[in-house]
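Colleague: I'm new to this one. Could you walk me through a few spots?

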Amino acid sequence: MSIDKFVNRHIGPRRHEIELMLKKVGVSGLEELIDQTVPENIRLKQPLNLKEGLSERKYYRRILELASKNKVYNTYIGMGYYDTITPAVILRNVLENPVWYTSYTPYQAEISQGRLEALLNFQTMVCELTGMEIANASLLDEATAAAEAMTMMFSLRSRAMVKNDVNVILIDNKIWPQTLDVLETRAMPLGIELRIQPQGSFEFTDDVFGVIVQYPNSDGEIIDYSDLIKKAHEKDIKVAVAADLLSLSILTPPGEWDADLVFGNSQRFGIPMGYGGPHAAYFTAKSEYKRNMPGRIIGITKDVHGKRALRMALQTREQHIKREKATSNICTAQALLATMAGFYGVYHGPQGIKEIAERIHSIAVFLSGEISKLGYKQLNSHYFDTIRFALPKHVKREDIEWLSLELEMNFRYFENGEVGISIDETTNREDMGWIVEVFAKAANKKFIQVEDYPEFCEIDNQYKRASDFMTQDVFNKYRSETEMVRYIKKLEHKDISLTHSMISLGSCTMKLNAATEMLPLSWIEFNGIHPYVPKNQARGYHIMMEELRRDLAEITGMADVSLMPNSGAAGEYAGLMVIKEYHNNRGEGNRDVVLIPSSAHGTNPASAIMAGMKVVVVACDPKGNIDIEDLRKKAEENKENLSAFMVTYPSTHGVFEASIVEMCEIVHQFGGQVYMDGANMNAQVGLTNPRIIGADVCHLNLHKTFSIPHGGGGPGVGPIAVADHLVEFLPSHPVMNNGHIGINAVAGAPWGSASVLPITYGYIKMMGTEGLTLATKIAILNANYIASALKDNYGILYTGENGRVAHEMILECRHFKNKSGITESDIAKRLMDYGFHAPTLSFPVHGTLMVEPTESESLQELDRFIEAMNSIFEEIQEIENGIADPEYNILVNAPHTAEYVTKEEWGHSYSRQKAAYPLPWVRENKYWTPVGRIDNAWGDRNLICTCGSPEEYELFNE
């Protein structure tokens with residue numbers, strides 16, 4: 001590892017290159033550029049109060065020290081989290097592989113075919129196991145998936161139900177406590193009433209629209225819900241089942257009961273517990289509800305040449321596009337974890353998965369019998385992996401707990417004194433003996449170890465799965481590690497990630513995810529811990545998280561931070577719910593109006609709607625700034641009910657708006673709170689902060705500003721930072737004390753996606769005050785360098801008062817269409833031929849490209865991007881000047897595949913060489929798109945969202 005300053009590894013341009021770049025931009029020094037860009041009245045007066053940046057070696061020792069303070073016990077708590085074995089071929093080639101973890105959400109399908117196939121495998125596996133017709137490509141966690149199921153069923157109410165204000169959902173009282181807590185959080189602002197009862201007591205009255213049950217339930221009992229579902233459907237009531245995905249390989253899948261929705265966690269499919277996450281929730285539905293499903297759906301389509309291709313289907317139903325008409329605020333997923341879970345299914349296949357499940361059940365059966373012989377009463381009549389014991393009178397719970405901890409084991413302890421044991425994939429013969437030993441000693445009896453542990457199955461035929469599953473080729477051909485690694489590499493080579501070239505997506509901050517930061521993700525000391533173990537078993541985690549909270553509070557200028565929200569949109573929602581509770585606590589529950597600029601990202605209004613608020617849109621002026629007079633007018637008009645103002649800073653248009661402090665003062669004047677969207681914090685750190693501009697709460701995208709990778713569409717982490725007066729309202733947790741006592745949970749795990757927090761912790765510790773501040777300055781320099789180079793050919797849509805952009809810029813492309821017919825999408829597709837991922841298309845302004853280079857890109861890479869963009873400009877000029885065909889040209893035909901440019905017949909006015917190698921340096925590291933331009937409309941008309949289906953065979957084998 002390097003022993004010099006980490007900042008020199010993180011930042012792209014070298015010192016001598018920075019001087020050249022500053023000259024190009026037209027300033028004498030970096031400070032002059034920052035003075036011209038960031039308004040003086042919001043600049044920090046003192047440097048950040050953080051420790052000096054550590055070298056990579058010193059940080060490695062520090063994180064090793066913290067890891068050593070975590071105790072990895074055998075944990076049988078269950079409750080939705082289970083130890084698992086991540087196949088080394090997946091750990092090494094996916095989780096630890098930057099091609100997979102540095103790629104972006106696959107909006108640009110042509111350069112994302114590998115991860116799209118991996119996610120299609122996940123969807124197919126989930127549909128097969130649940131017996132359902134359509135699945136999405138993952139959600140944030142099981143608890144929020146339950147909330148999405150609830151709101152989806154609410155939105156599916158019949159007209160008569162809506163007219164009669166039907167608002168009750170029946171929740172089985174044997175559901176995970178964290179799931180119930182999140183349901184309560186989400187139900188309240190939407191006016192949904194939770195009726196929590198034993199499922200056997202459900203009454204399907206006229207005020208009920210939906211039902212949620214757990215399978216097996218939270219006690220571990222298997223229930224046949226087929227009659228319940230039939231009776232619910234007779235009253236037009238929808239039913240959602242939270243199901244253990246692994247158990248469905250041997251238990252009847254809910255789809256065979258005619259369930260409407262099935263959701264849960266795929267964590268048992270090789271995803272480490274990680275002290276609570278991140279994990280990929282799954283979500284399935286009947287096909288008829290496909291347009292109401294939250295999250296991303298991967299579908300099969302064809303390219304312009306008729307070749308099978310993949311892309312994200314039905315994108316117009318995504319919630320950030322629906323804005324204030326949204327029924328969810330889901331904007332991201334857990335793509336990397338879903339990819340791993342899908343590969344787990346590919347590697348083990350149906351037989352392997354079934355064997356794992358049968359072995360787990362067999363161990364549970366053995367333990368049930370042996371422990372019962374010792375005088376304990378096993379209470380579950382029908383179970384998969386979880387057994388529950390009532391203790392004899394002479395045995396105390398404390399005895400079990402003490403003895404188990406002595407042997408480094410954790411059991412589940414129920415409030416009524418019962419003890420639960422949930423078996424997992426890692427449990428072995430030695431473990432079985434030690435478990436029985438604990439119960440024997442507590443009862444003052446002897447347990448004689450047996451040499452042979454026979455396999456048992458006590459699942460009644462009523463509950464057994466009879467149907468086949470995962471019969472598709474992909475789940476039945478990659479059994480050896482050699483074949484598996486080749487399959488992973490085959491998919492990997494189809495995609496563009498940060499390992500290949502700059503990803504200049506505006507508002508996405510695709511910066512370096514340093515190897516040193518990533519190393520702890522694979523360590524069992526961080527990923528092998530259950531979120532509900534005693535805190536003294538996770539001391540390293542808690543020291544790390546406490547330091548991280550303090551550092552993030554310092555960076556934002558806020559008083560405290562909640563790490564719970566597990567995405568940016570979840571952070572938005574959490575922040576708004578904190579504001580809502582603040583107003584309620586002051587007796588001002590009527591305050592429900594949120595002012596949101598027209599330029600805001602679509603999750604802002606979506607989150608506001610989910611928080612039960614009314615959205616009032618604030619106009620922007622012709623220069624792209626928020627119209628301050630319109631803000632003043634609407635704040636005053638709504639002064640009695642004003643709850644909050646949501647603002648992104650720097651703006652979504654890539655500008656530091658000089659009047660930001662005045663905007664916040666206006667909102668405060670009329671009783672509102674200011675919520676700052678932290679999507680663009682990469683332009684603030686060390687120069688200004690949310691509190692200085694006047695914000696009361698902000699969320700941070702740790703997967704942007706603070707180096708957690710995007711993973712092809714997740715994980716994301718969106719902690720919220722709040723001012724003093726809002727600290728008491730930060731989200732709590734029903735199982736673990738997470739240090740906060742405010743609103744109910746907004747995610748299933750107490751500390752959200754804890755296992756990826758060491759990435760941000762490492763980034764801050766190695767960068768230090770000096771490094772973090774320099775990174776912000778270089779991000780601004782890199783953006784202005786590109787702006788200076790492209791402004792003449794493209795035009796920069798919005799700039800600040802001194803003609804500067806912040807850390808990103810919007811390139812004007814609308815004028816090309818009138819003269820040449822070329823759109824921003826054509827430019828994006830042609831960039832693929834140059835080996836680049838496209839900038840952000842048509843956001844926040846239709847017909848434009850938004851570019852954000854980040855501080856991690858070198859001058860050489862910036863120059864390559866600039867050269868590519870200017871080369872494309874010249875290609876557009878050839879069309880405008882009549883040199884190139886206006887309808888069948890190099891941009892319209894882009895991207896060009898290897899198969900296409902090597903076919904015998906060519907017939908274009910431009911050469912094959914120009915199509916494939918438009919600039920000399922492209923030859924050195926040529927990326928070939930595996931498919932031509934995607935036909936999105938065809939895919940939506942012929943919706944296929946699983947692999948190996950008869951419909952797919954029919955369409956592509958005619």
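Modeller: Sure, here are some questions and answers on a predicted model.

Colleague: Let's begin with His837: is that residue buried or exposed?

Modeller: You'll find His837 in the loop between α27 (824-833) and β24 (840-841). Its relative accessible area is 2%. The cut-off for buried is under 20%, so His837 counts as buried.

Colleague: Which residues does His837 touch, leaving out those up to four places away in sequence?

Modeller: Remember that His837 sits in a loop. Still, its contacts include Tyr104, Gln108 and Ile111. The others on the list are Ile496, Ser501, Met502, Ile503, Ser504 and Leu505.

Colleague: On to helix α22: how wide an arc do its buried residues cover around the axis?

Modeller: The helix spans residues 628-637, and its buried residues are Ile628, Asp630, Leu631, Lys634 and Ala635. They lie on the same side of α22, because the arc they cover is only 155°. In general, residues three or four places apart in an α-helix point the same way, as there are 3.6 residues a turn. So the arc you asked for is 155°.

Colleague: Which elements do the buried residues of α23 pack against?

Modeller: First, the residues themselves: Ile660, Val661, Met663, Cys664, Ile666 and Val667 are the buried ones in α23. Seen from the other helix, the buried residues of α22 pack against α23 (660-669), among other elements. For the buried residues of α23, the partners are α22, β19, β20 (673-677) and α24 (690-693).

Colleague: And which residue with a positive phi follows α23?

Modeller: Look just past the helix, where phi is near 85°. That residue is Gly671.

Terms used:
Residues numbered from 1 in each chain as written. Predicted model: local features only at pLDDT ≥ 70, side-chain atom pairs only at ≥ 80, totals over all residues. Heavy atoms only, no water. Helix = DSSP H or I, 4+ residues; strand = E, 2+ residues; numbered from the N terminus. Buried < 20%, exposed > 50% of the residue type's maximum accessible area, 1.4 Å probe, protein only. Contact = heavy atoms within 4.5 Å. Arc of directions from axis to C-beta.
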